[in-house]
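Biologist: I've never looked at this one before. Could you walk me through how to read it?

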Amino acid sequence: MEVGNVRVFVAGAVPGEEVKAVVESMARNKRVAWARMLERPADIEGRVRAPCHHAAPNRGKCGGCPWMHLPAQTQTLLKVARVNEALSEVPGVQPLHRLHRAPETTADMLAYRARGNYVVFRSGGDRVRLGSWQARTNKPVKMEGCPIVRPVINDVADAIAASMTAQKVPIHPEKWGARYVTIRANSEGASHVDLVVGDARSRWISDVAEAAMAAGAVGVSASVNRESGNAIRVADSKVVAGADNFVEQMGDISLRLNAATFFQIYPEVATHMYARAAELGGPAELAWDLYCGVGGLGLTWQSRFGGALYGVESVPESIRLANLNSRDNNLRARFAVADLTGGLPRTRGEPDLVFVNPPRRGLDRAIRSQLQELGPERIVYMSCDPDSLGRDLVYLSRGGYGVTAVEAWDMMPHTQHVEVIACLELRN
Ligand SMILES: C[S@@+](CC[C@H](N)C(=O)[O-])C[C@H]1O[C@@H](n2cnc3c(N)ncnc32)[C@H](O)[C@@H]1O
């Protein structure tokens with residue numbers, strides 16, 4: 001909300017809600033402040049009881065689902081409004097009226113997340129828990145039985161926590177302690193685990209891996225993080241037990257995934273978005289897939305249209321999987337490691353179609369200007385942040401592109417996040 005010319009963020013409040021809050025901190029430039037809610041004198045219409053006792057809106061502490069107390073229709077209105085506001089300066093873009101959901105999404109929008117990210121902590125004496133962060137704090141809080149992850153993820157998380165408790169595993173910041181756990185599951189119930197630890201040679205790791213595999217994991221990897229910052233993975237993960245990936249069927253293609261590399265959190269929505277992005281891209285002789293991860297977007301396009309495909313991404317393990325994914329699907333894409341903050345890769349011809357799916361910060365500055373100079377006929381942009389998307393679309397519109405389609409998708413129900421696809425075409 002705006003108070004005078006200060007933008008105030010109130011943890012746990014949603015746009016349109018009246019709350020009493022106290023400002024706890026302010027940015028140095030005095031234009032942004034963060035506040036703690038004291039009470040909600042007037043609840044917004046339609047507030048429901050969040051279907052999770054850990055959820056902050058239910059007076060629990062987990063900050064993972066800040067909108068869980070809002071009915072789906074209210075979440076839709078807020079997300080559409082957010083996209084419309086972020087894209088309001090983009091020439092030619094009309095306000096959206098719809099938020100797309102995967103047909104697989106259930107009425108309560110639960111059990112959709114294919115990945116659980118946990119911080120390891122101790123509570124109640126020696127008991128080890130896998131938890132989440134309390135909103136806007138560095139306090140770990142419990143989240144056992146989380147209803148928004150695929151159920152097998154909870155089983156594996158419980159097994160890992162029980163094994164760590166039984167073995168009295170050291171917990172970060174204790175020396176070489178366990179720090180974070182990521183569990184990814186596919187729609188068939190297979191899962192993969194990545195541990196972030198202070199020492200990957202610790203004896204307890206093999207017992208924890210065994211417990212995870214008894215609960216359904218196909219394999220476990222581990223990476224070392226002894227740094228003081230908040231980054232989770234700062235080194236490559238190495239397999240400590242079992243397989244290094246599992247397969248997820250995504251519409252017409254299959255993808256090898258694991259817990260140590262990025263992949264979209266709601267695979268059913270990603271499948272529909274990839275198909276829609278491919279359709280908007282249409283036929284091309286050469287397409288690029290920038291920020292390609294394990295290749296799902298570009299490979300979906302190539303499996304339909306058959307042109308040449310070149311994908312780029314900064315994480316070597318993602319590129320290893322992307323090349324396996326191309327081979328598994330009998331496609332002939334080329335994927336290579338490159339850091340796009342330095343600009344576009346030099347080689348690989350001139351694409352007539354470019355897919356981009358950058359992280360939240362949006363297109364790297366060099367990429368934005370080089371794309372404009374390169375001038376592919378179409379750019380299909382998949383974005384997880386409407387604000388950076390709006391900025392990039394304005395930039396590309398000034399450089400000769402027209403926005404021909406925009407769609408918003410609900411990739412993260414019960415949160416403020418919204419995923420958007422936009423198609424840009426070069427004007428003559
Ligand atoms: C939103 S994800 C999209 C991944 C993929 N398109 C998908 O659908 O799963 C963004 C990807 O950009 C990669 N990335 C982040 N910064 C990068 C950079 N500077 N250069 C290249 N890739 C980067 C991340 O590793 C991540 O895989």
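Modeller: Let's start with strands: two of them pair if DSSP finds at least two bridges between them. Strands here are DSSP runs of E with at least two residues, helices are runs of H or I with at least four, and both are numbered from the N terminus. Keep in mind that this is a predicted model, where local features need pLDDT of at least 70, side-chain atom pairs count only at pLDDT 80 or more, and totals for chains, interfaces and linings use all residues. Residue numbers run from 1 along each chain as its sequence is written.

Biologist: So how do β16 and β17 run, and how many bridges join them?

Modeller: In general, strands of a sheet pair through backbone hydrogen bonds, either parallel or antiparallel. In this case, β16 (residues 308-313) and β17 run parallel, joined by four bridges. To see the pairing on screen, find E313, which has V337 of β17 opposite it.

Biologist: Which sheet are they part of, and what is the strand order?

Modeller: An open one with eight strands and mixed pairing: β5-β20-β21-β19-β18-β15-β16-β17. Its edges are β5 (99-100) and β17 (334-337), each pairing on one side only. Helix α6 (residues 316-328) lies across β16 and β17, at about 170 degrees to β17. Such angles run from 0 to 180 degrees between N-to-C directions, with axes fitted to C-alpha atoms, for helices over the stretch in contact.

Biologist: And the seven strands of the other open sheet, what is their order?

Modeller: Read β8-β7-β6-β9-β10-β11-β12, again an open sheet with mixed pairing. At the edges stand β8 (140-142) and β12 (238-242); each has a single partner strand, so one side of each lacks a neighbour in the sheet. On average, neighbouring strands here are turned by 35 degrees against each other, direction ignored.

Biologist: In which sense do β6 and β9 pair?

Modeller: Antiparallel: β6 (residues 115-123) and β9 (residues 178-185) share five bridges. One spot to look at is N117, whose bridge partner in β9 is T182.

Biologist: Which strands does helix α2 touch?

Modeller: Contact between two residues means that their C-beta atoms, placed from the backbone, lie within 7 Å. By that test α2 (residues 151-166) packs on the sheet against β6, β7 (127-133), β9, β10 (191-197) and β11 (217-224), and its direction makes about 135 degrees with that of β7. Helix α3 (residues 204-214) lies across β10, β11 and β12, at about 55 degrees to β12.

Biologist: At what angle do α2 and α3 pack?

Modeller: About 150 degrees, with axes 8 Å apart. Angles under 35 degrees count as roughly parallel, over 145 as roughly antiparallel, 65 to 115 as roughly perpendicular and the rest as oblique. So α2 is roughly antiparallel to α3. Their contact uses V156, A159, I160, A162, S163 and M164 from α2, plus D207, V208, A211, A212 and A214 from α3. Sort these residues and you get nine nonpolar, one polar and one charged. In that sorting, Ala, Val, Leu, Ile, Met, Phe, Trp, Tyr, Cys and Pro are nonpolar, Asp, Glu, Lys and Arg are charged, and the others, Gly among them, are polar.

Biologist: How are α4 and α5 arranged?

Modeller: α4 (residues 267-281) and α5 (residues 296-305) pack at about 55 degrees, their axes 9 Å apart. The two helices are therefore oblique to each other. Among the contact residues are Y274 and G281 of α4, and L297 and W301 of α5. The whole contact divides into seven nonpolar, three polar and one charged.

Biologist: What about α1 and α8: how do their axes cross?

Modeller: At roughly 30 degrees, with the axes of α1 (residues 72-86) and α8 (residues 386-398) coming within 8 Å. That makes α1 and α8 roughly parallel, therefore. R82, V83 and A86 of α1 meet P386, D387, L389 and G390 of α8. Here the classes come to four nonpolar, one polar and two charged.

Biologist: Where should I look for backbone oddities?

Modeller: Most residues other than glycine have a negative phi, and most peptide bonds are trans. The bond from H172 to P173 is cis, with omega near 15 degrees, and P173 sits in the loop between α2 and β9. A111 has a positive phi, near 50 degrees, in the loop between β5 and β6.

Biologist: Finally, how many helices and strands does the protein have?

Modeller: Eight helices and 21 strands. The C-alpha trace spans about 70 × 55 × 40 Å along its principal axes.
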